[in-house]
Amino acid sequence: MIVRIMGEGQVEVADVHLAELNKLDDELLAEMESGDEEGFRRTLGALLDAVRRLGSPLPDDALEPSELILPAPDASLDEVREMLSDDGLIPG
C-alpha cells in the first residue's frame, strides 16, 4: 500500500503491517472523540512513526497514486477530524 504523509512524501507499506497501523488508528479515533489532545498528539506521532519505520520511502520523483493519506505531524485535531471516514484514517 502506498501511504502519503502530508508534507513528507510517500512510503510503501506491506499489507502485513495494516493490523498494527489499524490499532493505532483506533486509539487515535478514540482520543479524538474524547477530546484528549495530549493522547491525540502522542498517538498521531506513534502512527506516523510506525508508517516510517515499517515502510520504504518512495523516491521524491515517484508519481504513484496514494492509497492512504495521513496528516502531517503538526496537524490539528480539527484538521484530522476533517480527514476521517467512519473507519478512521485507515480503512478496515
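## The sheet

In this predicted model, strand β1, covering residues 2-5, runs parallel to β4, and three bridges hold the pairing together on paper. Within that pair, I5 sits opposite L70 of β4.

Zoom out and you get an open four-stranded sheet with mixed pairing, ordered β3-β2-β1-β4. The edges are taken by β3 (56-57) and β4 (68-70), each of which pairs on one side only. Helix α2, residues 37-54, packs on this sheet and touches β1, β2 (9-12), β3 and β4. The direction of α2 makes about 135° with that of β1.

## The chain as a whole

Overall, the chain has three helices and four strands. Walk along the sequence and they come up as β-β-α-α-β-β-α. Contacts reach a long way along the chain: of those with a separation of 6 or more, 65% are between residues 24 or more positions apart.

How does the radius of gyration of the chain compare with that of a compact globule? For 92 residues, such a globule would come out near 12 Å, and the chain has 13 Å, so the two agree. The C-alpha trace spans about 40 × 25 × 20 Å along its principal axes.

As for what is covered and what is not, 39% of the 92 residues are buried. The accessible surface of the chain is about 5400 Å², with carbon and sulfur atoms contributing 50% of that.

## Salt bridges

Searching the whole structure turns up six salt bridges. One of them joins the side chains of E8 and R52, at 2.6 Å from N to O. This one ties together distant parts of the chain, since E8 lies in the loop between β1 and β2 while R52 is in helix α2, 44 residues apart.

R52 also has a partner in its own helix: its side chain meets that of D49 in a salt bridge at 2.7 Å, N to O. Both residues belong to α2 and are three residues apart, about one turn of the helix. Put together, E8, D49 and R52 make up a network of salt bridges.

Are the members of this network buried or exposed? They fall in between: E8 counts as partly exposed because its relative accessibility is 40%, R52 is partly exposed at 32%, and D49 is partly exposed at 45%.

Over in helix α3 (residues 77-83), R81 and D78 are three residues apart, so about one helical turn separates them. They form a salt bridge, with the closest N and O atoms 3.0 Å apart. R81 is partly exposed too, with a relative accessible area of 38%.

Conventions. Residues are numbered from 1 along each chain as its sequence is written. This is a predicted model: local features need pLDDT of at least 70, side-chain atom pairs count only at pLDDT 80 or more; totals for chains, interfaces and linings use all residues. Side-chain values use heavy atoms; hydrogens and water are left out. Two strands pair if DSSP finds at least two bridges between them. Helices (H or I, at least four residues) and strands (E, at least two) are DSSP runs, numbered from the N terminus. Contact means heavy atoms within 4.5 Å. Axes are lines fitted to C-alpha atoms, for helices over the stretch in contact, and angles run from 0 to 180 degrees between N-to-C directions. The radius of gyration is taken over C-alpha atoms; the globule rule is 2.2 Å times the number of residues to the power 0.38. Buried means under 20% relative accessible area, exposed over 50%, partly exposed in between (1.4 Å probe, protein chains only). Accessible areas come from the Shrake-Rupley method with a 1.4 Å probe; for residues, only the protein chains shown count as cover. A salt bridge is a side-chain nitrogen of Lys or Arg within 4 Å of a carboxyl oxygen of Asp or Glu.
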